[in-house]
Amino acid sequence: MEAWQTFAYIAASILFITGLKMLGRAETAKRGNAVSAVGMLIAVVATLLAGGLDYTWILVGLVVGTSIGAIAARRVQMTEMPEMVALLNGSGGLASMLVGWAEYVRADGVVTFSAVAIVLTVLVGGLAASGSVIAFAKLSGRIDGKPFLFKGQKVLNAAILALALLAGLVVALDAALVGGVTGVTVAFGVVLILALVLGVLAVIPIGGADMPIVVSLLNSYSGVAAAMAGFVIDNNVLVVAGSLVGASGLILTTIMCKAMNRSLANVLFGGFGATVSAGGAAAQGEVKPLTPEDAYFILEAANSVVFVPGYGMAVAQAQHVVKELADQLTKNGAEVRHAIHPVAGRMPGHMNVLLAEANVPYEQLVEPEDVNPAMETVDVAIVIGANDVVNPAAKEDPSSPLWGMPIIEVDRARTCFVLKRSMNPGFSGVDNALFLKDNTRMIFGDAKATITAMVAAFKES
Amino acid sequence: MNPLLLFVFVLAIYLGLELITKVPSQLHTPLMSGSNAISGITIVGAIVASGESGLLATVLGTIAVTAATINVIGGYMVTNRMLGMFKTRKDA
């Protein structure tokens, strides 16, 4: 590698580090993204100028990829962001897998260390690619979002992983001894196929409510795959950038797990919700329905209102009418806040993105620990399509699968409105005692239509 | 193959873990899509593979360049679009 190219890669690495750091703070996030994009541009240009390359097919790939990426980024609805992130993860994982494959094809008699790197690149990249496709299919409703479980699932997954590693070992050892033999080629093919199979098997047992964890974990994998590809082509910038992404994905995954009070192993192997319907004491009380018109009279008198959005708000595309209702309440003299649970929705930060799209000011967004201590002073808590994150069983019922999960304690508010289509339990399949509490009023119907009716009542008055 | 890369790998992971400790929840999605765009750095490997001789390597490399470019361009653009929507009361 030429000296100038090394310098270019160092510059790119520094820009990635700086950009990622800036991306973690609200004031600098937008510039941070631009800084890291400049790093990427430098890395790509330095690679293209290295010489000895035939540009024809590179250009084809760059043009096609840019068109698809740009159109998708412009057109995607904010409610579809989880699917978009899953697909982007998938394409990164796929690219790393193919780089590993191409290097395997090119390398005759690779030394063991490179062969190990190639196997790991293909394994992690393939897993990230097919796992992301399944995550996308679940998120977009193309396949059922419920956990898919069968007997001996864990044993099967472990066996397939062991088989893949064994085949990888054959590739690595044989390559060191003899180089491209038919047996090695077969073993490599086995690694390739099993990596894709593993990605599918790893994601199908995970239920809809656990999707934020899976999406951030797949993000981590696609970074690790890129770092492994860096070992394959002996390139520092891939190792640095890939590791950074791997680490940041891992941090997000940990934050998500903490927000659910569950271990990563429990999420990955749990099949949460599929087996729990028997657990938990039956809740006592009766359902008290309310019409949007009656809800208006309670809201009109409220001084403090907290919105608690969940995945149902995204499904109903209700974020804009929520903002309208919040404006009406503010105009009426009430203090309005939006309490967002870290795992509400289908990806980390899902609700924040939707409310930002609707122009809800940043200052109105609060985290559970900000509202919980003074929940008694809240006149109305409006739960919109959220379920598990407000389920009081998390602190009242030790036999509940949700036990110990930090929740937004809306049951302690003076009045709690729950906007919901029906009495069906949430994605976890756990009954919610909140719906039967004395201070809870159920407002059935489409969340968007319900809130629109409330806004109309405010405007008429 | 350069075992020194292992040293770089471990240090970079450590740096990454130290770099992003406390992230406010409104930045979770942009952090994810923005870091996701960085993982598109594999485009460098894809370019090398696609530009070298050999039919299969070129085919694999070209598909890899396409996928990595989608990752990079889509990731940066969609992150930028999202962050553009985050407003404080001052700019609103």
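**Exercise 1. Is Phe188(A) buried or exposed?** Determine the state of this residue and describe its surroundings in the predicted model.

Solution.
Step 1. Locate the residue: Phe188(A) belongs to helix H7 of chain A, which covers residues 182-203.
Step 2. Take its relative accessible area, which is 3%. Buried means under 20%, so Phe188(A) is buried.
Step 3. List the contacts, leaving aside neighbours within four places in sequence. Phe188(A) touches Trp101(A), Tyr104(A), Ile118(A), Val122(A) and Val171(A).
Step 4. Add a distance: the C-alpha atoms of Phe188(A) and Ala107(A) are separated by 13 Å, with their positions 81 residues apart along the chain.

**Exercise 2. Describe the overall form of chain A.**

Solution.
Step 1. Count the secondary structure elements: chain A has 17 helices and 6 strands.
Step 2. Compare the radius of gyration with the globule rule. The value is 25 Å, close to the 23 Å that the rule gives for 461 residues, so chain A is as compact as a globular protein of that length.
Step 3. Give the extent along the principal axes: the C-alpha atoms fill a box of roughly 80 × 50 × 35 Å.
Step 4. Turn to burial and contacts. Of the 461 residues, 57% count as buried. Among contacts between residues at least 6 apart in sequence, 78% join residues at least 24 apart.
Step 5. Describe the surface and the charges. The accessible surface is about 18,200 Å², and carbon and sulfur atoms account for 63% of it. There are 28 positive and 34 negative side chains, and the centres of the two sets lie 1 Å apart.

**Exercise 3. Examine helices H5 and H14 of chain A for length, burial and what follows them.**

Solution.
Step 1. Check the span of H5(A), residues 112-139. Its 28 residues reach 40 Å from the first C-alpha to the last, close to the 40 Å expected at 1.5 Å a residue.
Step 2. Assess its burial: 23 of the 28 residues of H5(A) are buried, so this helix is largely enclosed by the rest of the structure.
Step 3. Treat H14(A), residues 350-357, in the same manner. Here 7 of the 8 residues are buried, so H14(A) is also largely enclosed by the rest of the structure. The buried residues include His350(A), Asn352(A) and Leu355(A).
Step 4. Look past the helix ends. H5(A) is followed by Gly141(A), with a positive phi near 75°. Just after H14(A), Asn359(A) has a positive phi of about 70°.

**Exercise 4. Where do Asn261(A) and Gln317(A) lie, and what is the phi of each?**

Solution.
Step 1. Recall the background: most residues other than glycine have a negative phi.
Step 2. Read the angles. Asn261(A) has a positive phi of about 55°, and the phi of Gln317(A) is positive as well, near 55°.
Step 3. Place the residues. Asn261(A) is in the loop between H9 (236-260) and H10 (264-270) of chain A. Gln317(A) is in the loop between H12 (311-316) and H13 (319-331) of chain A.
Step 4. Classify the exposure. With a relative accessible area of 44%, Asn261(A) is partly exposed; Gln317(A), at 31%, is also partly exposed.

**Exercise 5. Which residues are in contact with Leu264(A), leaving aside neighbours within four places in sequence?**

Solution.
Step 1. Leu264(A) lies in helix H10 of chain A and is partly exposed, at 30% relative accessibility.
Step 2. Its contacts are Ile213(A), Leu217(A), Thr253(A) and Cys257(A).
Step 3. Leu149(A) is 115 residues from Leu264(A) along the chain, and their C-alpha atoms are separated by 18 Å.

How values were computed:
Residues numbered from 1 in each chain as written. Chains lettered and ligands numbered in written order. Heavy atoms only, no water. Helix = DSSP H or I, 4+ residues; strand = E, 2+ residues; numbered from the N terminus. Rg over C-alpha atoms; globule rule 2.2 N^0.38 Å. Buried < 20%, exposed > 50% of the residue type's maximum accessible area, 1.4 Å probe, protein only. Contact = heavy atoms within 4.5 Å. Areas by Shrake-Rupley, 256 points an atom, 1.4 Å probe, with all protein chains shown as cover. Lys, Arg positive; Asp, Glu negative; His and termini not counted. Charge placed at Lys NZ, Arg CZ, Asp CG, Glu CD. Expected span 1.5 Å × (residues − 1).
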